[in-house]
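Please open the model in a viewer and keep the selection panel at hand. The tour below proceeds stop by stop, stating what to select and what is found there.

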Amino acid sequence: MENHLLSLLIWLPIVAGILILGAGDQRRAALARKLALGFSSAVFLLSVPLYTRFDTTTAAMQFGERARWIDAFNIHYALGVDGISMPLILLTTLLTVVVVIAGWTATPKRVAQYMAAFLIMEGLMIGVFASLDAVLFYLFWEAMLIPMFLIIGIWGGPNRIYATIKFFLYTLLGSLLMLVALLYLYHASGGSFSILDYHRLPLALAPQVLIFLAFFAAFAVKVPMFPVHTWLPDAHVEAPTGGSVILAAVMLKMGGYGFLRFSLPVTPDASHQLAWLMITLSLIAVVYIALVALAQRDMKKLIAYSSISHMGFVTLGLFIFNPRGVEGAMVQMISHGFISGALFLCVGVLYDRLHSRMIADYGGLAAPMPVFAAFMVLFALANAGLPGTSGFVGEFLVILGAFQVNAWFAVAAALTLIFGAAYTLWMVKRVIYGAVISERVAALPDVNGREMLFLGVLAALVLWVGVWPNPLLEVMHATIDNLLEHTAASKLP
Amino acid sequence: MNLASLRVTAALPEIFIALAACAILLLGVTGKPGKPNHRAALACPLAIAALLVTALLAGLNFPAGGGAVAAFNNLFIGDALAGLLKISMCLLCAAAFLYGRRYNRDRGLLTCEYYVLGLFSVAGMMVVASASHLLTLYLGLELMSLCLYAMVACHRDSRLASEAAMKYFVLGALASSILLYGMSLLYGLTGSLELPVIRAALFAEAADPDDAALALAVVFVVVALAFKLGAVPFHMWVPDVYHGAPTSTTAFLSAAPKVAAFAIVLRLLAGGLGDLAGIWQSMLVILAVLSVAAGNIIAIAQHNLKRMLAYSAVSHMGFFLFGIAAGSAQGYSASLFYVLVYAVMSLGAFGAVLCLARGDAECDRLDDLQGLSRRSPRTAFLILILMLSMAGIPPTAGFFAKLSVIQALVGAGLVWVAVVAVLLAVVGAFYYLRIIKLMYFDDPADASPATPPAGDPPAHLLLAFNALIIIAILPWIGALISLCNAVIAGAV
């Protein structure tokens with residue numbers, strides 16, 4: 001059990017998803033909901049030992065598992081976590097519970113399939129974070145697209161088909177280029193698919209640059225970085241609330257995780273060589289996309305653009321190659337998982353009541369929905385990077401790290417604190433404050449216990465990481481130091 | 001020379017299946033003229049049984065220890081590769097018969113004769129799989145093809161089917177004559193029809209790749225094979241034949257003959273002309289790139305499911321050629337694995353079309369799939385798996401098939417070809433996704449309540465098995481790939 005914890009975390013939700021798919025149809029929706037809640041909570045509880053039994057003093061892989069799988073290609077079923085992947089797995093298991101609760105009544109059709117899709121997604125996402133074999137990683141990485149494709153396509157908004165096919169093809173294109181790079185590494189390493197072997201593999205600069213670009217195609221699309229971000233606003237807007245939450249909170253993190261697990265350690269020289277490109281694209285995302293967010297009239301679209309802008313901080317932090325930057329990027333990923341997830345849930349709460357996401361349809365919500373207004377304001381402030389919330393910690397660390405490299409990077413990045421405050425607070429002002437805009441808004445009921453539960457949990461986490469980020473920072477410390485040491489050394493033969 | 005030296009037992013499966021075909025043919029003539037022959041209904045189960053027994057015989061004939069048995073004065077070779085190919089051909093054809101049983105019955109297609117033709121065609125494929133001589137190769141190929149032409153034409157009242165059969169026959173005959181021409185040049189250059197002797201002769205002469213006659217011979221052979229495979233620009237017959245033929249024949253046509261095509265390509269190019277890889281490798285790369293590109297792009301414009309799957313077949317054949325073009329044992333093994341996986345997927349896809357057909361109505365327009373997930377969720381889910389596998393999305397076997405081919409390309413130093421291949425695979429993913437979109441995201445066109453497709457429990461069961469095996473094989477997929485490696489290592 002102890003030795004197979006990661007396998008259990010991957011396969012339990014997948015098996016549960018298949019079970020729910022088989023057991024539930026429309027008539028047994030209640031059963032499907034309860035099963036989904038039970039299984040996702042069980043997976044979350046099972047994932048807690050990953051944190052409590054985690055050895056923070058070592059950068060080595062922990063909870064490892066290894067079995068032979070495809071001998072002909074030397075592919076192994078190899079799993080393990082370190083300080084980078086472990087927090088992301090916990091984020092995944094936690095948010096899946098939140099999504100299941102949030103989708104309790106919001107999905108009128110095909111409840112069993114909806115719940116099953118999210119559980120299967122959960123298993124696949126954990127698989128991505130835990131894989132130590134490149135093919136296994138790739139398997140989970142792409143398989144994840146299938147449930148998301150169906151989630152957006154079946155339960156999404158009016159323009160869902162365009163959005164979901166765009167989402168699928170965009171990510172598939174990036175992934176397949178990565179596959180070619182992985183196969184190149186397989187041959188270059190003399191027949192190994194072990195990711196850790198790739199970390200030690202010496203490579204000349206030219207192949208490094210090409211491999212870096214192939215990885216970039218896969219990860220930049222996922223993050224998403226400017227200019228390949230255009231799938232995200234479409235996908236986010238059309239996806240059902242749960243889909244948006246998982247997309248923003250977990251799937252975007254896979255891009256950042258990919259950079260940390262593949263690009264930096266496998267192609268360190270190319271990473272240094274092309275850092276200017278990454279930093280430029282990150283700063284464009286941070287500043288330009290923030291301005292784009294300012295112009296949005298749809299709340300979901302605004303949060304989607306805000307996500308791209310915040311993920312720009314992550315890639316900026318990664319490619320300035322110092323501990324503050326990378327740790328800031330990691331904290332930013334986790335914190336963005338909480339905040340963007342919470343904001344999408346807030347929009348979902350409103351959408352369930354009024355079936356509109358347009359800012360113009362709301363106004364003066366503070367009067368009919370005071371508790372909701374409090375939550376929304378808290379998350380909006382966290383999104384704007386208010387000190388004391390988790391949003392501040394990550395952005396502050398990244399800006400601090402950027403200062404050490406080049407003050408102008410820091411200035412440009414800090415601009416977004418202003419823009420971020422502008423677009424979020426302006427949205428809050430229009431939605432929450434002011435005069436009550438219509439009778440329908442005046443009649444809205446405040447959050448119920450279920451909604452209070454998931455918003456409360458996320459609010460507590462946002463504040464906890466904001467006030468006392470140490471428990472989060474110390475688990476990733478050893479891994480990130482080791483990673484940077486590794487990245488600083490040249491791999492040129 | 002005595003009978004023992006011929007080693008007739010090596011051809012036992014072929015002999016058995018030919019006898020079984022004759023027996024079923026006799027069954028067809030037992031009826032009285034003018035009256036329906038009720039015994040003809042037995043033809044299908046008997047043919048399936050014959051195929052299963054043949055598969056068993058081929059399994060028993062599997063050479064121990066990976067050796068090879070040369071029989072009939074080196075006309076015929078019984079090695080592990082032949083064994084594997086024969087078993088898979090028999091099983092694929094048996095499945096195709098089971099899928100098409102109700103379809104053929106509903107349309108009153110030739111009952112006994114259809115299955116007799118099918119069995120003879122399988123016999124031809126099996127001869128091809130075991131050919132080590134140009135003569136055997138050609139005979140097997142013609143036996144297979146002639147039966148297929150007739151199977152395409154067996155829907156006599158259908159103009160589409162007649163047209164398709166005509167095209168298939170004329171182009172197939174043209175390809176055969178080109179192949180013969182290429183073979184005669186090879187004979188002239190090497191003085192032998194035996195593939196191992198040809199290979200040795202070409203090697204001994206240290207064949208000069210600039211030799212015009214040699215290059216011409218290779219060009220003729222490659223063109224003929226490209227015709228048979230349906231690789232661009234020799235693919236014109238594929239969509240018409242797939243579309244026009246009765247769906248039961250299309251299902252038959254889309255699976256086992258592809259495996260046979262692999263056998264021809266391997267025995268002829270990798271076997272006989274293996275040392276001329278320098279000449280045919282670049283030709284195959286061009287054919288493969290064109291096939292994947294044209295197949296995938298044109299498939300997007302199709303409104304007919306069978307036609308779309310035909311173009312998809314063209315693109316899959318391109319992928320299959322990529323593996324051969326790698327020119328290494330690794331590449332051949334990847335191609336073998338690819339073609340086996342493809343045959344199973346393609347059979348499943350056409351099997352689904354057959355399962356969805358009702359009475360006289362076909363279900364082959366894309367719009368017929370609209371909202372299928374409401375009408376018959378199980379079939380829709382199975383088609384979903386098949387489509388994802390065809391698109392090469394993990395965790396399906398189709399992904400591993402693409403992985404091994406791309407891996408072989410990268411291993412052979414053709415990294416840029418691999419990049420082109422994956423870019424085109426993205427284009428291909430679009431039309432498979434469109435099927436999923438039609439089934440899952442669209443509402444049914446008619447508001448009629450759920451009508452389950454006409455009952456044919458064995459075929460539906462087979463479809464479920466066929467689709468689920470594509471995912472369920474995953475833990476053991478390594479063993480399958482190793483098996484492919486082993487049989488190729490024994491054959492090349």
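Colour chain B by pLDDT, the predictor's confidence in each residue, from 0 to 100: the chain averages 87, and 94% of its residues score at least 70. The model as a whole scores ipTM 0.87 and pTM 0.91. This is a predicted model, in which local features need pLDDT of at least 70 and side-chain atom pairs count only at pLDDT 80 or more, while totals for chains, interfaces and linings use all residues. Residues are numbered from 1 along each chain as its sequence is written, and chains are lettered from A and ligands numbered from 1 in the order in which they are written.

Next, select the interface. Here 28 residues of chain A are in contact (C-beta atoms, placed from the backbone, within 7 Å) with 25 residues of chain B. On the chain A side, β1 (62–70), α5 (134–143), α6 (145–155) and α7 (160–188) each supply at least two residues; helices (H or I, at least four residues) and strands (E, at least two) are DSSP runs, numbered from the N terminus. The largest share, 15 residues, comes from α7(A).

Remain in chain A and select α6(A). All 11 of its 11 residues are buried (20 or more other C-beta atoms within 10 Å of their own; 12 or fewer is exposed, in between partly exposed), so α6(A) is largely enclosed by the rest of the structure. Among them are A:P147, A:F149, A:G153 and A:W155.

Now display the largest nonpolar core, a set of buried Ala, Val, Leu, Ile, Met, Phe, Trp, Tyr and Cys residues joined through C-beta atoms within 7 Å. This core has 422 residues, and those with the most contacts inside it are A:V180 and B:L119. Helix α14 (residues 329–356) of chain B gives the most to it, with 20 residues.

Centre on B:L119. Leaving aside neighbours within four places in sequence, B:L119 is in contact with B:I17, B:A20, B:A21, B:I24, B:A47 and B:A50.

Then select helices α2 (residues 12–29) and α5 (residues 112–129) of chain B, whose axes come within 9 Å and cross at roughly 170°. α2(B) and α5(B) are therefore roughly antiparallel (an angle over 145 degrees) to each other. The contact includes B:I17 and B:I24 of α2(B) and B:L119 and B:F120 of α5(B).

Finally, select B:G278 in helix α12 (residues 277–300) of chain B. B:G278 is exposed, with 11 other C-beta atoms within 10 Å. The C-alpha atoms of B:G278 and B:G327 are separated by 8.7 Å, although the two are 49 residues apart along the chain.

Definitions and conventions: Contact = placed C-beta atoms within 7 Å. Axes fitted to C-alpha atoms, helices over the stretch in contact; angles between N-to-C directions. Parallel < 35°, antiparallel > 145°, perpendicular 65-115°, else oblique.
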